[in-house]
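User: I should like to learn how to read the features of a structural model. Please take me through this one step by step.

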Amino acid sequence: MPDVITANRLTDGVVVFQTIDEAWSEDFNRAAVLADPPATAEALARAKRDETDNLVVDAYAVPVEERNGHFAPKALREAIRAAGPTNRRDLGKQAAGLAPRSGPKAATEADHVSL
Amino acid sequence: MYHYDNFDAAFVAARVEQFRDQVARRLSGELTEEQFRPHRLMNGLYLQLHSYMLRVAVPYGVLNSQQMRKLAEIARRYDRGYGHFTTRQNIQYNWPALKDTPDILAELSSVEMHAIQTSGNCIRNITADHFSGVAHDEIADPRPYAEILRQWSSLHPEFSFLPRKFKVAVNGAAHDRAVIQAHDIGLQVVRNDAGELGFAVYVGGGLGRTPMIGRKVRDFLPERDLLGYVEAILRVYNLEGRRDNKFKARIKILVHEKGVEALSEAVEAEFAARDPKALDLPAREIERFRAFFALPELEPKKPVSDRVERRRGKDRRFASFCASNVMPHKAPGYVVVTVSLKAIGAPPGDASADQMDAVADLAEDYSHDEVRVSHEQNLILPHVALDDLPAVYDRLASVDLSTPNAGGISDIIACPGLDYCALATARSIPIAQRIAQRFGDGPRARSIGPLKIKISGCINACGHHHVGHIGILGLERAGEETYQITLGGSADEQAAIGQIVGPGFSSENVVEAIETIVDTYIGLRRDEAEPFVDAFRRVGIAPFKEALYERSAGSDI
């Protein structure tokens, strides 16, 4: 399964993703998608160097999958982390148009049909 | 309330400057994250799902209007315009930048607040009954004891590196509103036959992955032995508590593995061996603290207000607010107002900066400058003249804080869950929102009566689900959120851990399951006066199991 590398920016804690030019972006959609485990390992090693250089903290790999023609985090936790709280669409990356293009669906009463 | 003396002010200011230096050294790279983490945690700064999170201590839930305004100002200036009040009577900011936190702590210190010991393996914020000092059923105000414990435990060198975190709660009334039996140490104020004040002492309560109700180790601990005895408990725990396994490190596991009798003997031996003068708490010192918490001078008032009665007669929502959110004060003609942070569809415990300012203004204008934070994630205006109630209500309504649901089905405790928390396995807030939307705060909710729903987004149980009349635990199973329901838990003097009703429910079906449980209760209760938890104790879990798993298509078995 492909991965992207994520971390939190040291100065403000904002969630960031490693880009193809080996920088960090707040935008999940700019994340470098790593096709195989060796690519992930190499990218993670670079991320760990950025930890040592005090740019980011807690770097790790996030499995992603293709959905509706876009990559999105596979796990709900990572989808929320890449978008923002599902109960507050006005906060986090989603508020700035930086959420994964196929983000998690908000769970509201209106979405549910009585059984 | 307690006011800092010069020592306290200098102590907190020094801590702010220490942390400022630590943050500067972290940002410059002089400190690694590994070196820095214990420092930031000791100052309440976590790294959460989206950002850093700062947990600010609200000692035993007491605030004045200046402090509340400062919390609002911090929310506006350094965060995203809101804060989250927690089950530990604290407030959390979800989006602070590391580089700003020294300034935030400096702002807090200017109003006698801090974030010390809101994290880490130390003695955490001491919690207490949110109706302290105003409740009719109070034996003695627990806040002086809580403040004494707070001062004694702040940066206590012997107890700053415990096997695990340590939570102490003090309750001063006959009715336990501080969940003392779910704390590492629970202190219940009692009087002995001679009329002297003291404490019944409970040890080893806790929720989390291994929920346990505290065991009583003393029926009566004299007031003056408070610190000596608490120290003896902590010494035994510090020495014998497990450090090999984080999940078995709380004192509840020691109580369970060693046995309460053996633990009690060890504590008594430690207590007997102490230097009796070292931690003696003399009566004059208790009186000195008690003076800080004296009831404000309340001008005598008539116990009935024509103004309130007229409004009740013509405004049903005001009438239901009076019924659910207003409690008589021990002084005639005054009331205690619960400000619900559970507007229907709102995240439980969240308050905007504007709402915090509005509550601060109300406290100043109508409540002798005092606000409380409850562990149920609501705010309290403790000293409101009955005649002022309509004005207070109208001003609360203008900022969406007049929801008449305190103690009812939509007054739900929920932890931040997977929407914010790095440890969570499922979302809590959206489940609380949907349940509140389903039942509302109108006639249906009122007909259901008192019912405490508590939701946690992982087994760490910050949402106290084990002691909810209905508890909901969010888990993850095969990549999907699943919700386990427990019934019959209780957080008061009849503390009980809820029983798991059966297999969990999907996010889609969990609200339906709650409705089935509520409908089952309505169908079997003796009359409207029999609350859910009493009916549950009478009939047991079987009718609910049957309704959920045998008659309903709603389960996900």
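**Reading burial, packing and contact**

Analyst: This is a predicted model. We may begin with one residue: B:I251 counts as buried, because it has 31 C-beta neighbours inside 10 Å. The cut-off behind this reasoning is 20 or more other C-beta atoms within that distance. B:I251 belongs to helix α7 of chain B, residues 251–258.

User: Which residues does B:I251 touch, leaving aside those up to four places away in sequence?

Analyst: Its contacts beyond that sequence window are B:D184, B:V203, B:G204, B:Y237 and B:G241. For a separation in both sequence and space, take B:I251 and B:F532: they are 281 residues apart in the chain, and their C-alpha atoms are 32 Å apart.

User: How should the overall form of chain B be read, and what radius of gyration does it have?

Analyst: The radius of gyration is set against the value for a compact globule of 557 residues, near 24 Å; chain B has 23 Å, so the two agree. Along the principal axes, the C-alpha atoms of chain B fill a box of roughly 60 × 60 × 55 Å. Of the 557 residues in chain B, 56% are buried. Its secondary structure consists of 18 helices and 21 strands. As for contacts between residues at least 6 apart in sequence, 67% join residues at least 24 apart.

User: How is the packing of two helices described?

Analyst: The description rests on the angle between the two axes and the distance between them. In chain B, helix α3 (residues 65–78) and helix α12 (residues 353–366) have axes that come within 8 Å and cross at roughly 170 degrees. α3(B) and α12(B) are therefore roughly antiparallel to each other, the cut-off for that term being an angle over 145 degrees. The crossing in which α3(B) passes α12(B) is left-handed.

User: Which residues make the contact between α3(B) and α12(B)?

Analyst: From α3(B) come B:S65, B:M68, B:R69, B:L71, B:A72, B:A75 and B:R76, while α12(B) contributes B:A353, B:M356, B:D357, B:V359, B:A360, B:A363 and B:E364. Sorted by class, the contact of α3(B) with α12(B) holds nine nonpolar, one polar and four charged residues.

User: At what angle do helix α1 and helix α4 of chain B cross?

Analyst: The axes of α1 (residues 6–28) and α4 (residues 101–109) of chain B cross at roughly 175 degrees and come within 9 Å. That makes α1(B) roughly antiparallel to α4(B). On the α1(B) side are B:V12, B:A13, B:V16, B:F19, B:R20 and B:V23, which meet B:T101, B:P102, B:L105, B:A106 and B:S109 of α4(B). This contact of α1(B) with α4(B) comprises eight nonpolar, two polar and one charged residue.

User: How many residues does each chain bring to the contact between chains A and B?

Analyst: Chain A supplies 28 residues and chain B supplies 31. On the side of chain A that touches chain B, β4 (56–67) and α2 (76–83) each provide at least two residues. The most comes from α2(A), with four residues. By class, that side of chain A has 11 nonpolar, 11 polar and six charged residues.

User: Is α2(A) mostly covered or mostly uncovered?

Analyst: α2(A) is mostly covered, with seven of its eight residues buried. The buried residues are A:R77, A:E78, A:A79, A:I80, A:R81, A:A82 and A:A83. Their cover includes β2 (15–18), β4 and β5 (70–73) of chain A. Just after α2(A), A:G84 adopts a positive phi of about 130 degrees.

Technical notes. Residues are numbered from 1 along each chain as its sequence is written. Chains are lettered from A and ligands numbered from 1 in the order in which they are written. This is a predicted model: local features need pLDDT of at least 70, side-chain atom pairs count only at pLDDT 80 or more; totals for chains, interfaces and linings use all residues. Axes are lines fitted to C-alpha atoms, for helices over the stretch in contact, and angles run from 0 to 180 degrees between N-to-C directions. Angles under 35 degrees count as roughly parallel, over 145 as roughly antiparallel, 65 to 115 as roughly perpendicular and the rest as oblique. A crossing is left-handed if the near helix is turned anticlockwise from the far one by less than a right angle, and right-handed if clockwise. Two residues are in contact if their C-beta atoms, placed from the backbone, lie within 7 Å. Ala, Val, Leu, Ile, Met, Phe, Trp, Tyr, Cys and Pro count as nonpolar, Asp, Glu, Lys and Arg as charged, and the others, Gly among them, as polar. A residue is buried if 20 or more other C-beta atoms lie within 10 Å of its own, exposed if 12 or fewer, and partly exposed in between; C-beta atoms are placed from the backbone. The radius of gyration is taken over C-alpha atoms; the globule rule is 2.2 Å times the number of residues to the power 0.38.
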